[in-house]
Amino acid sequence: MTADAVVVLCTAPAAAGRAGSLGAHDLAQAVVAERLCACVNVLPGVRSYFQWQGRVDAAEELLLVAKTTRARTEALRQRLVALHPYEVPEVLELTVADGLPAYLRWLGAAVTGEAAP
């Protein structure tokens, strides 16, 4: 199961920007409700500095740390992009090398809707 676990990082503003988009907390709730990930931690107080359209820009953001499986990663990525207020959202996928076996079993069960072993 460890090779199947993935952590997805995504920064987002607290409030939605464009029509049809969601702020960080609503974005986190949506992807968990849709079983695209088992859990999303929302970390406050992120100040990001980045290159955008030829200049250095800055934004107050929240960091979403989503736990999912390899099988759900592509669907999660597509949904984040569809719901995110940014034109080019940060979506970084990190493969999990190892973890508590019981947690990893729960993670897999949570995204499939199966009973946790």
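Start by colouring this predicted model by pLDDT. Among the elements of the protein chain, strand E1 (residues 5-12) has the highest mean pLDDT, 98, and helix H3 (residues 101-112) the lowest, 94. The protein chain as a whole averages 93, with 96% of the residues scoring at least 70.

Stay on E1 and select residues 5-12. Seven of its eight residues are buried, so the rest of the structure largely encloses this strand.

Now bring in the strands beside E1. Add residues 55-69 and you have strand E3, which runs antiparallel to E1 and is joined to it by eight bridges. To see the register, pick cysteine 10: leucine 64 in E3 stands opposite. Then add residues 92-95, strand E4, which pairs with E1 over four bridges, again in the antiparallel sense. Here, click valine 7 and look across to leucine 94 in E4.

Next, show residues 39-52, which make up strand E2. Twelve bridges tie E2 to E3, and the two run antiparallel. Try tryptophan 52, whose bridge partner in E3 is arginine 55.

Zoom out. What is the order of the four strands in the open sheet? Reading across, you get E2-E3-E1-E4, with antiparallel pairing. E2 and E4 are the edge strands, each pairing on one side only. Turn the view to follow the twist, which averages 30 degrees from one strand to the next.

Finish with two helices. Select residues 24-33 for helix H1, lying across E1, E2 and E3 and running at about 130 degrees to E2. Then select residues 70-83: this is helix H2, which lies across E1, E3 and E4, at about 145 degrees to E3.

Terms used. Residues are numbered from 1 along each chain as its sequence is written. This is a predicted model: local features need pLDDT of at least 70, side-chain atom pairs count only at pLDDT 80 or more; totals for chains, interfaces and linings use all residues. Side-chain values use heavy atoms; hydrogens and water are left out. pLDDT is the predictor's confidence in each residue, from 0 to 100. Buried means under 20% relative accessible area, exposed over 50%, partly exposed in between (1.4 Å probe, protein chains only). Two strands pair if DSSP finds at least two bridges between them. Axes are lines fitted to C-alpha atoms, for helices over the stretch in contact, and angles run from 0 to 180 degrees between N-to-C directions. Contact means heavy atoms within 4.5 Å.
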